[in-house]
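Me: Got a minute to go through a model with me? I'll paste it here, and then I have a bunch of quick questions.

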Amino acid sequence: MSDIKPIALDAMGGDHAPHEIIGGAVHAVRERGLSVVLVGPPRVLYESLADHGATKEIPIVRAEEALAMDEGALASLRRPRSSIAIACHLVRQGNACAVVSAGSTAGIVATGRLRLKGQQGVLRPAIAVALPTRPNPALLLDAGANAEVKPEMLVQFAHLGAAYAETAYGIGKPRVALLTIGSEAEKGNKLVRRAHELLLASPSLHFVGNVEGYDLLTGAADVIVTDGFTGNVALKTIEGSVRYAFGELREAIGDSRLAKLGAILQRSTLRELNRRLDAEAYGGAVLLGLNGTVVIAHGSSKAPSVSAACQLAADLAQGGIVTRVGERVAATHRTHRLW
């Protein structure tokens, strides 16, 4: 992997930074064969790397500041030399192929937009999250970057998501759906109804119509678009429901000897189900539409999740996700000019 540019990993972002972040970096390098550079205060990071015996395996780039988990978008302006800002700078300068951070989502989005800039023609970057559907995950976007949007932005989110599905899952013509309150075209508010019209009129999209909340995990579409407010609420609802269901399952198993025996017999099946429904197993969310690949890991990520996020970032960067998004957006603009 010596000819591959490293992943710039924000070592100070996340609830368990820097130790779990560094643990994830070590795993990504040793077990996945990835190239990683840590961004943060050298002394702190060197000591943690020494605990893993990895001081010679992973380089460090100095950044003495960090965004706190409770800081919002304005912190990106107050801390121009933060670890996430320096990580973005490495990508912008061509010294890293992607950024990974488990820090404040608002801070990452704001810093990414400031340091990497939006791709030409992109109205707003969007956060895409993989939902555990079969045979491939479905992509939900926007999952929190834009609380208020215009219909044209939802159409562009569809193109961003389609580019992601093509790059990450090899889907030739991703099915795109619009999240609303009914499957009929006239259902929803003015924003959704107009977006439905525009999506139907987009020849380069395979639009399959509207979907409702209960369709999110059914595999009805490969890409599901909505505004960031709705998308974030939907995502958190799914995560909470999964945690609740597994909690109830554990309690039910613990109350019965017969159930415990059944759980033992079905151990591999339950383990696979848990892995498939674990949001962190997918590596995190992806901020699409910037001049660089940015993966946002869950704030509570521990080493395995950080390692998975690094793998996702490497796969998307090597698959040319930024180029693919740019091509889709440019093609959309050409089509609109022909109209």
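Me: Which side chain meets E166 in a salt bridge?

Reply: That would be R328, with N to O at 2.9 Å. Keep in mind that this is a predicted model. The two come from distant parts of the chain, with R328 in helix α12 and E166 in helix α6 (residues 151–169), 162 residues apart.

Me: Are R328 and E166 buried or exposed?

Reply: R328 is buried, and E166 is as well.

Me: And which residues are linked with them in a network of salt bridges?

Reply: R324 is in there too: E166, R324 and R328 are linked in a network of salt bridges.

Me: How many salt bridges does the structure hold?

Reply: Eight. Among them is one between D222 and R175, where the closest N and O atoms are 3.1 Å apart.

Me: Where do D222 and R175 lie?

Reply: R175 is in strand β7 (residues 175–179), while D222 sits in the loop between β8 (206–211) and β9 (223–225), so the pair ties together parts that are 47 residues apart in sequence.

Me: What about burial for D222?

Reply: D222 has a relative accessible area of 8%, so it counts as buried. R175 comes out at 27% relative accessibility, which makes it partly exposed.

Me: OK, what does R43 form a salt bridge with?

Reply: With E47, and the closest N and O atoms are 3.7 Å apart. Both are in helix α2, and because they are four residues apart there, about one helical turn separates them.

Me: How do R43 and E47 score for accessibility?

Reply: R43 is exposed, at a relative accessible area of 67%. E47 is partly exposed, with 45% relative accessibility.

Me: While we're on that helix, where does D51 sit?

Reply: D51 is found in helix α2, which covers residues 42–51. D51 has 63% relative accessibility, so it counts as exposed.

Me: How far apart are D51 and G23?

Reply: In sequence they are 28 residues apart, and in space 9.6 Å, C-alpha to C-alpha.

Me: Switching to empty space. What's the volume of the largest pocket?

Reply: About 580 Å³. Its lining takes in 31 residues, and T105, L235, K236, A285 and I296 lie nearest the centre.

Me: Which elements give two or more residues to the lining of that largest pocket?

Reply: For the largest pocket, those are α5, β5 (126–131) and α8 (228–254). The most comes from α5, with five residues.

Me: What's the mix of classes in the lining of the largest pocket?

Reply: The lining has 16 nonpolar residues, 11 polar ones and four charged ones.

Me: Now the closed spaces. How many cavities of 30 Å³ or more does the structure hold?

Reply: There are four cavities of 30 Å³ or more. The largest has about 60 Å³ of space in it.

Me: Which residues line the largest cavity?

Reply: The lining includes D10, M12, G13, A66 and L67, along with S83, I84, S101, G103, S104 and I108. By class, this lining has five nonpolar, five polar and one charged residues.

Me: And the volume of the second largest cavity?

Reply: About 40 Å³. The elements giving two or more residues to the lining of the second largest cavity are β10 (285–288), β11 (293–296) and α12 (321–338).

Me: Can you name some residues that line the second largest cavity?

Reply: Sure, among them are Q119, V286, L287, L288, T293, V294, I321 and V325. The lining of the second largest cavity divides into eight nonpolar and four polar residues, with no charged ones.

Me: Last topic, the surface. Which residues make the nonpolar patch of about 290 Å²?

Reply: L74, L77 and L114 make that nonpolar surface patch. L114 lies in helix α5, residues 105–115.

Me: Why does L114 count as partly exposed?

Reply: L114 counts as partly exposed because its relative accessibility is 32%, and that class runs between the under 20% of buried and the over 50% of exposed.

Me: So α5 turns up for both the patch and the pocket?

Reply: Right: L114 of the patch lies in α5, and α5 also gives five residues to the lining of the largest pocket.

How values were computed:
Residues numbered from 1 in each chain as written. Predicted model: local features only at pLDDT ≥ 70, side-chain atom pairs only at ≥ 80, totals over all residues. Heavy atoms only, no water. Patch = residues over 30% accessible without salt bridge, like charges linked within 9 Å, V, L, I, M, F, W, Y side chains within 5 Å. Areas by Shrake-Rupley, 256 points an atom, 1.4 Å probe, with all protein chains shown as cover. Salt bridge = Lys/Arg side-chain N within 4 Å of Asp/Glu carboxyl O. Buried < 20%, exposed > 50% of the residue type's maximum accessible area, 1.4 Å probe, protein only. 1 Å grid on protein atoms, 1.4 Å probe; cavity = no way out; pocket = protein on both sides within 12 Å on 5 of 7 lines; lining within 4 Å. Points joined across faces, edges and corners; volume = space filled by probe spheres on them. Nonpolar A, V, L, I, M, F, W, Y, C, P; charged D, E, K, R; others polar.
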